[in-house]
Structure formats: structure tokens, C-alpha cells
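Subject: Structure handover

Dear colleague,

Here is the structure that I promised to pass on to you, with the sequence alongside. Please open both before you read further, since the notes below follow the elements one by one.

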Amino acid sequence: MPEAIELRSLTRWYGKRRGVIDLEADVHEGEVFGFLGPNGAGKTTTIRMLLGLIRPSGGSARILGLDPWTQAPAVHRRLAHLGSDPGYLGDLDAASLLDHLGALRGLQKGAWRSLAERLDLDPRVPLKKLSRGNRQKVGVVSVFMGREPLLVMDEPSTGLDPLMQREFLALVAEARADGRTVFLSSHNLPEVERACDRVAIIREGRIVKIATVAALVGDHTRSVNLVLGRPAAEGAFALPGVTVLSSTGQDVHVMVRGDINPLLRCLGDLDVRDIAISTPDVEDLFFRYYEGTVAGSEGRVVATGGTGIHAEAAP
Amino acid sequence: MTALSFRLELRRSRILAVGLAVVVLVYGGLIAALYPILLANTAQIEDYMKLFPKGFMAAFGITGSLADPGIFFTTYIGSFLWPIVAAIGAIVLATRPTASDAERGWADLPLATPLTRGRYLGAAILGQVVVLAALALATVGGVLAVGTLVGAGFDVARFTAAGVVLWLFACAIAGMTSLLAVITLSRSVAAGVAAGVLIAMYLFNIVAQVQPDFAWLGDLSAFRYAGVGALIDRGTVDWVGIGVLAIVAVAGWTASLVLFRRRDLLP
């Protein structure tokens, strides 16, 4: 069984300008794979090669075992695509556009109707009169209205309000439950964290990390603040992966790298009045990859907000 | 799928086609309505026209008596209005499916479906053929219709044949512009080069007519092959001209199709 997507040393140059370099990745069937990076990192270049719109300068990409450049129509029968800023024909309304694209994909007329209702999209308004968010809804409807086994989306929730972002994440979850594969490029970190099984972080055209979201977060350091009823004995926190950062007797701040269970077992023997454990989220990790300081991370207590990352975040 | 794309292409061309058709119908009709007046005053008009330099006359296709329907049609429409209308229509239509739609991001949507690039562009080319034919028909039809009403006595068959030549002229522009658009993937560059080449050809044709030493320049001009005066007045068909226009059109479109299949579509 081929992987849904296989990238092997995939490289693209635009003359002397870097697109992407030596991308290696496998996207398994049925998973939601996040492709994370700021603008200009190479996400859209990668997606355009996956769609067969541009040719690799080197290496190869395979979609369900097929070459997207030489076998584009066969590949396109198996995927649905949503671009980051689709250039819709302004004079058409959403219904006409979706019917046209649906017909090209072999779908029945009106296949979009239930999704449009679900996303509260008025299909009769000319596209040029739609707001950015509503135009993005058209794209979301378009990508989910078929039954293709692979969905490729480039910053799909840009412009959607929080309610619609939640609805979008629900659609992604339903697609995964149906066994469809989702390749989701984004710089919206909370979205990736909530939607994806695995994440690739792309930095300046190169993939610097591929891991499950759980592993990405779990492998890193947690910050634990303790308030004890009485001071702990000397060496009480001499445990694997545990570093005491500060201790004032009853207030103790330790860092735990990796498995937290030894610390939890140790705490069972102590008089713990309060505890706060903060874990890093994807955003923390992402920034660390962009700053090149993956080790020695510090955690955060709460999840991130819905902010995006822009090119100036890169070093 | 080709039919779907073709229908969308026609739908997208409606405003352009109707707008240009109204222009050629109204202008052609007005000019045709004036033909009997011109015919009744031929001698005075020709005396007046002798005041102008030969080059100036040639620029407007006046290479004989304005009383001749062929010279009349060439002067007011064939070498004046139609090149403008054909250039606008052909350049807009030929740059749209590739350069324009790649720039605006529309091309990504149909080309991420099972529709092949060949069928996508083929449908657009078919749309160009049909829209340009409709414009040529409107141009000749307006003149013929009003000419009949005012008793101008225009030869329907010869005017219809002239319409075919006008259509081929527009197709040649579209074919070459289509190729430029695929090569550059830039609407402004392709349109600019196409318009520049047309203006240069127009000047070549004039220079060739007034300067015998530069007669060879006329061979480089599409306007030379698109002349319909002799066809309307004497029924003489310029098969070489028709062949050149048809070959340029087909070659341009074919090369576009071949190249577009291999072209990186950069946003």
C-alpha cells in the first residue's frame, strides 16, 4: 500500500532563489498531517509540486503512488485542493462556481448544498461581493464536498471566524474518521495542534522536524511549581530528567524532561498543597525550532491564542 | 469536461463579446447607411481625397475609389475599426486562460481537478474561435443588414467571405498572443508585445505601399494578408493570405497547447 504522500529529496529552485530543499516526508493514509511554517518557508511551493502545477528541480513527490507531474489527471481524481487565496471569478456566484468545480470532479450538481448550509454560506451572492471569510468558506465547501481520499489544503482557515474555524476542524475530524488523508499547510499553530496527528516544521525551505503532536509536546520539558506543606528532604528531587531550578523550602520549581511519572510518584510521599504543571504547546516548540534552541524549553500553562506567525518571526 | 470549460469560457466572454459587437454593429450600420450618399457624391469626394498624401490614404486602406464597396469597407472597417476590435478581443481572450488566470490564481482551481491542461486550454481556444467568429459576423452582418435597408447593393457572398478573412486575421492575433501568454505567463507583457507587434505590422504595411524600396516589409505584415478589398470588389480570393493567417493561428494555438502542458504554473 503506497503512502498517501511521499516526498523524496524534493527540491525546487526558482533560478537562484530557494523554494524548498531536500524535503523528505511520508504522509500515511488516514492521518491529518500538518505542514507548519511561516510565510516564505516553502509550504505553497511544496503544495504546488504535489498538485503538479510546478515541476521539482530535483527529487520526487508521489501521491498515492502516482507522480503528480506526469500523472496529474490521475492524481487529481484522488485529491481535492484548497488554495490559500483562490482567485475566484468574481462574476460567478458560489453556487455556479461550486457546481462548475464539482462537475469537473464528477460530482452531482448541488453536491455542496448541505455543507453551504452548515457553514452558513449564501450561495447566490456574487463572489466579488463576498467578504474574505465568506470566500474562504467557499473554498472549504469546495474541498469537502467530494469524496476524494486526499485533501490538500493551504492555510485553509485564514479569514474564518472562530465559530467557522471550529466547524472547519470538525470537518477535518470527520474526514479523518472517514479514512481520508488530510495534508494541511498552516501557520496557525493552535489549528495545527488541534487538527493534526503529525506535524512537519519547515524552516527556510527545509523540513527540520517531523513528529506526532503528542511526541513533539511530550518530549519536551515541563515546568512544575510546587507548594509543599513542609520542606522536602535533601535530594528528594534527585530523579531522572528532573532539575531543581529553585527551592525556598516550601516553594519548589523543578523542570522535568521526558517522563513525568518518577516525579509524580515522588510527590506521593510529600505533603503537596498546590501544584502547577505547564507543558509547552506547539507554538512554543515552533518558535524554538525557528530560533534553533529546541533543548531547554520552558513551558506555558495555557494553550495559545489564534495568532498566526509571519515571516519576520524567522531569524 | 471540455464542454464544461468551453461553456464557462463563453460565459466569461459575454460582456466583452456583447460590448464589441455593439460597437461594430452600430459603427458598421452607420457607415453602411452613408454609402448611398457617398456613392452619389463620388466625384467631389475623390477630388477632395486627392489633397491627401498617398501614405495617409494607404494608412486607411484607401487604395482606389471609395465608391467601390471593397475599398469603402476596407477604408472604414477592414483597416480601421476591425483591427482595433480584433486586437482587443483576441488579446483579452488569448491572455485570459493562461497568463491572466495564472496571475489571479483561478487556473489552479480547474487544473487541480481531473481536467487536463490540454483540455483546459483547448476549451479556451475553442471559445476564442467562436467569440471572434461572432464578432466578425457582427461586423459584416451590420454592414450588410443596413446596406440592404438603404439599397447599397452589397454582395452578400463576397461580404461573407470577407468576414471569414477578418475572422482569420483575429484568430492569427489570438494564436500568437496565446503563445506569448503561455511563454511569459504575464498578461501585461503578452498583451504589450502583441499590441506592439500589431502596430509595427500596421506601419510596415503603410511603408511598403508608399516606398517601393521597402515593399518587402509588407510581407511581414498581417494586414497585407487580411486585405478584403479585391475579394469584395472583384471576387478575387487571396489564398496565400488566407493560408498565412490560418497557419499563424493554428501554429500559435498548437504551440501554446504543447508548451502549456510542460509549463510551470507559478502564482
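Helix 1 of chain B and helix 6 of chain B cross in a right-handed sense, and please keep in mind while you look at them that the whole model is predicted. Helix 1 covers residues 2–40 of chain B and helix 6 covers residues 117–149 of chain B, and the two pack at an angle of about 20 degrees with their axes 8 Å apart. Because angles under 35 degrees count as roughly parallel, helix 1 of chain B is described as roughly parallel to helix 6 of chain B. Sorted by class, the residues of this contact between helix 1 and helix 6 of chain B are 18 nonpolar, 9 polar and 2 charged.

A second pair in chain B can be read in the same manner: helix 4 (residues 69–104) of chain B packs against helix 7 (residues 156–184) of chain B at an angle of about 30 degrees, and their axes lie 8 Å apart. That angle makes helix 4 of chain B roughly parallel to helix 7 of chain B, and the crossing of these two helices is right-handed. On the side of helix 4 of chain B, the residues that take part include B:Phe73, B:Trp82, B:Ala90 and B:Ile91, while those of helix 7 of chain B include B:Phe159, B:Leu166, B:Trp167 and B:Ile173. The contact of helix 4 with helix 7 of chain B holds 19 nonpolar and 4 polar residues, and no charged ones.

Turning to chain A, the domain assignment gives domain 1 as residues 5–216 and domain 2 as residues 221–278, and the C-alpha centres of these two domains of chain A lie 44 Å apart.

In which order do the 6 strands of the open sheet in chain A follow one another? The order is 5-6-7-3-8-9, and the pairing in this sheet of chain A is mixed. Strand 5 (79–82) and strand 9 (206–212) of chain A are the edge strands, each of them pairing on one side only, and neighbouring strands of the sheet are turned against each other by 15 degrees on average, with direction ignored. Within this sheet, strand 3 (residues 32–36) and strand 7 (residues 181–186) of chain A run parallel and are joined by 5 bridges, and A:Phe35 stands opposite A:Ser185 of strand 7 of chain A. Helix 6 (residues 162–177) of chain A lies across strand 3, strand 6 and strand 7 of chain A, and runs at about 150 degrees to strand 7 of chain A.

Chain A also has an open sheet of 3 strands in the order 2-1-4, with antiparallel pairing. Its edge strands are strand 2 (17–27) and strand 4 (58–63) of chain A, and the twist from one strand to the next averages 20 degrees. Strand 1 (residues 5–14) of chain A pairs with strand 4 of chain A over 5 bridges, where A:Glu6 has A:Arg62 as its bridge partner.

Helix 1 (residues 43–50) of chain A is worth following in both sheets. Helix 1 of chain A lies across strand 1, strand 2 and strand 4 of chain A, at about 115 degrees to strand 1 of chain A, and helix 1 of chain A also lies across strands that include strand 3, strand 5 and strand 8 of chain A, at about 145 degrees to strand 7 of chain A.

With kind regards

Methods: Residues are numbered from 1 along each chain as its sequence is written. Chains are lettered from A and ligands numbered from 1 in the order in which they are written. This is a predicted model: local features need pLDDT of at least 70, side-chain atom pairs count only at pLDDT 80 or more; totals for chains, interfaces and linings use all residues. Side-chain values use heavy atoms; hydrogens and water are left out. Two strands pair if DSSP finds at least two bridges between them. Helices (H or I, at least four residues) and strands (E, at least two) are DSSP runs, numbered from the N terminus. Axes are lines fitted to C-alpha atoms, for helices over the stretch in contact, and angles run from 0 to 180 degrees between N-to-C directions. Contact means heavy atoms within 4.5 Å. Angles under 35 degrees count as roughly parallel, over 145 as roughly antiparallel, 65 to 115 as roughly perpendicular and the rest as oblique. A crossing is left-handed if the near helix is turned anticlockwise from the far one by less than a right angle, and right-handed if clockwise. Ala, Val, Leu, Ile, Met, Phe, Trp, Tyr, Cys and Pro count as nonpolar, Asp, Glu, Lys and Arg as charged, and the others, Gly among them, as polar. Domain bounds come from an automatic or database domain assignment.
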